[in-house]
Amino acid sequence: MVIKHIMVLLFLVFRLSSATVTYNVQSFGAKPDGRSDSKNAFFKAWTLSCNSTSPASIYVPAGRYLIASALTFSGQGCKSRAITFNIAGTLVAPSSYNAIGNAQVWIKFYVVKNVTINGGTLDAQGSSLWACKTSGKTCPKGSTTLGFYHSQNIVISKLRSLNSQMFHMLLYSCKNAKIQGVSIVAPGLSPNTDGIHLTYSTGITILSSKISTGDDCVSIGPGNSNIWIEKVVCGPGHGISESSPSRARALESSNRAELELKLSYVKRARAQAWSSSGSARLVCTPKFIHLISGCSIGSLGWEREEPGVQNVTVKTTTFVGTTNGLRIKAWARSSNGFVNGVYFKGATMMNVKFPIIIDGNYCPNNNNCPNEASGVKISNVVYENVHGTSATRVAVKFDCSKGNPCRGIVLKDVDLKFGGQPANSSCSYAAGTASGLLQPTSCL
């Protein structure tokens, strides 16, 4: 009988210790008016959650909550096994870009474990900084909206990010993160507003999300491994790649027929992005500010001592009017970096300038790397089921380093046309195999 009572008590203690405790930010002074600074209220809710011995939840009710300066949630010393943000409202930055423009990250998580963000909106109000940059004035570099540093077991679900000053989301030296069902939005004229940027991270999955920004949808830097990207819609963009907004507007006015044609590509791609089975595609479309790639790995090899990129899978993708489609880019500099084990499968190209490209001799304007060979070793890259149209005659270009030729390149069922005719391919210091339907003819 005594043993039975002890077991009941232990069960009740376990249930109490595992029950989630919830902290409402309004209980700590957060105001949903978009004018009162709620930073301290969020910090207090985090501190209590961190110190809780039970799983904790931070609830953000509907409304707009001003976070007037950079905010860091540190996981150092946290007792809670898991912390979840359930966000029904919007976190908004000040309209003045100087408030967060010199901060590296607006909302930063540092050394956290088992953190989940569910729902909500982050509005960084970056338009004033973009205007400053395009005017040629001296401006702050800008802040990333949401950054996770040295963290693990992260989930970001159904979050919406609007108008970031710089990158929308950044994972730096993170392990085991899942980003799913997110929406990332910024105008095509917004400079350097990459959707998701990965650096020195492993075990990252990006699923079922929509990204429309002024730069790359997902950018993969050095030191990344075990990356899986699938069922992501990227775009649409709005216009022709150029170097300045004024030039883009002039070109739009003088060449409206071409613009309408490109927009028709976008509409068609978006219609194709959602198949009857509900599977989304990654759609990369043109941007105004830069001659940017569709989706690329790189730039790599800037540093002499640099970790490589390996085991990357990108499935079910569509590129519309972009400068590049599937690109790997390495600086023509001495480096011990590498790219190994990349799998591109199921890509549709619509009027893409360089649908398949490895640029192993990247040296813009011959600055910092003239007459040098890239040290980055590129190997075991598969292109399977890539089809569509190229905007240039050379649809497949492998421009590899003379000092470190590309090895293990695989082309399987590649069908790319230029002007209704088969396109061409070009290979320099590249070796591999080709099989299946091949248009253009393989140069490997």
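1. In this predicted model, the charged end of Arg333 is placed over the ring of Trp302, at 3.8 Å from the ring centre. A second such arrangement involves Lys108, whose charged end sits over the ring of Tyr149, 4.6 Å from its centre.

2. Trp331 takes part in an aromatic pair with Tyr362. The two ring centres are 4.9 Å apart and the planes make an angle of 70 degrees, an edge-to-face geometry. Trp331 belongs to strand β24 and Tyr362 to strand β26 (residues 354-362), so the pair ties together parts that are 31 residues apart in sequence. The partners fall in separate burial classes: with a relative accessible area of 14%, Trp331 is buried, because the cut-off for buried is under 20%. Tyr362, at 21%, is partly exposed.

3. Gly337 sits in the loop that runs between β24 (324-331) and β25 (338-352). Is Gly337 buried or exposed? Its relative accessible area is 2%, so Gly337 counts as buried. Leaving out residues up to four places away in sequence, Gly337 touches Glu306, Gly375, Val376 and Lys377. Gly301 is 36 residues from Gly337 in sequence, yet their C-alpha atoms are 5.7 Å apart.

4. There are 15 aromatic pairs in the structure. One of them joins Phe85 and Phe109, with ring centres 5.7 Å apart and planes at 90 degrees, so this pair is edge-to-face. Phe85 is in strand β6 (residues 83-87) and Phe109 in strand β8 (residues 105-110); the pair therefore ties together parts that are 24 residues apart in sequence. Phe85 and Phe109 are both buried. Ring pairs also link these two with Trp46, Phe73 and Phe148 into a cluster.

5. In soluble globular proteins, nonpolar side chains tend to be buried together. Here the largest nonpolar core has 86 residues. β25 supplies the largest share of this core, six residues. Which residues have the most contacts inside the core? They are Trp46, Phe109, Leu146, Phe148, Tyr383 and Phe398. Of these, Trp46, Phe109 and Phe148 also appear in the ring cluster of point 4.

6. Leu146, one of the core residues with the most contacts, has a contact list that includes Val105, Ile107 and Phe109, as well as Ile117 and Leu122, once neighbours within four places in sequence are set aside. Further along the chain, Leu146 is in contact with Ile156, Leu159, His168, Met169 and Leu170. Phe109 thus links three of the topics above: it is a contact of Leu146, a partner of Phe85 and a member of the ring cluster.

How values were computed: Residues are numbered from 1 along each chain as its sequence is written. This is a predicted model: local features need pLDDT of at least 70, side-chain atom pairs count only at pLDDT 80 or more; totals for chains, interfaces and linings use all residues. Side-chain values use heavy atoms; hydrogens and water are left out. Helices (H or I, at least four residues) and strands (E, at least two) are DSSP runs, numbered from the N terminus. Buried means under 20% relative accessible area, exposed over 50%, partly exposed in between (1.4 Å probe, protein chains only). Contact means heavy atoms within 4.5 Å. A nonpolar core is a set of buried Ala, Val, Leu, Ile, Met, Phe, Trp, Tyr and Cys residues joined through side-chain atoms within 4.5 Å. Rings of Phe, Tyr and Trp (its six-membered ring) pair if their centres lie within 6.5 Å; planes under 30 degrees apart count as stacked, over 60 as edge-to-face and the rest as tilted. A charge sits over a ring if NZ of Lys or CZ of Arg is within 6 Å of the ring centre and within 35 degrees of the ring normal.
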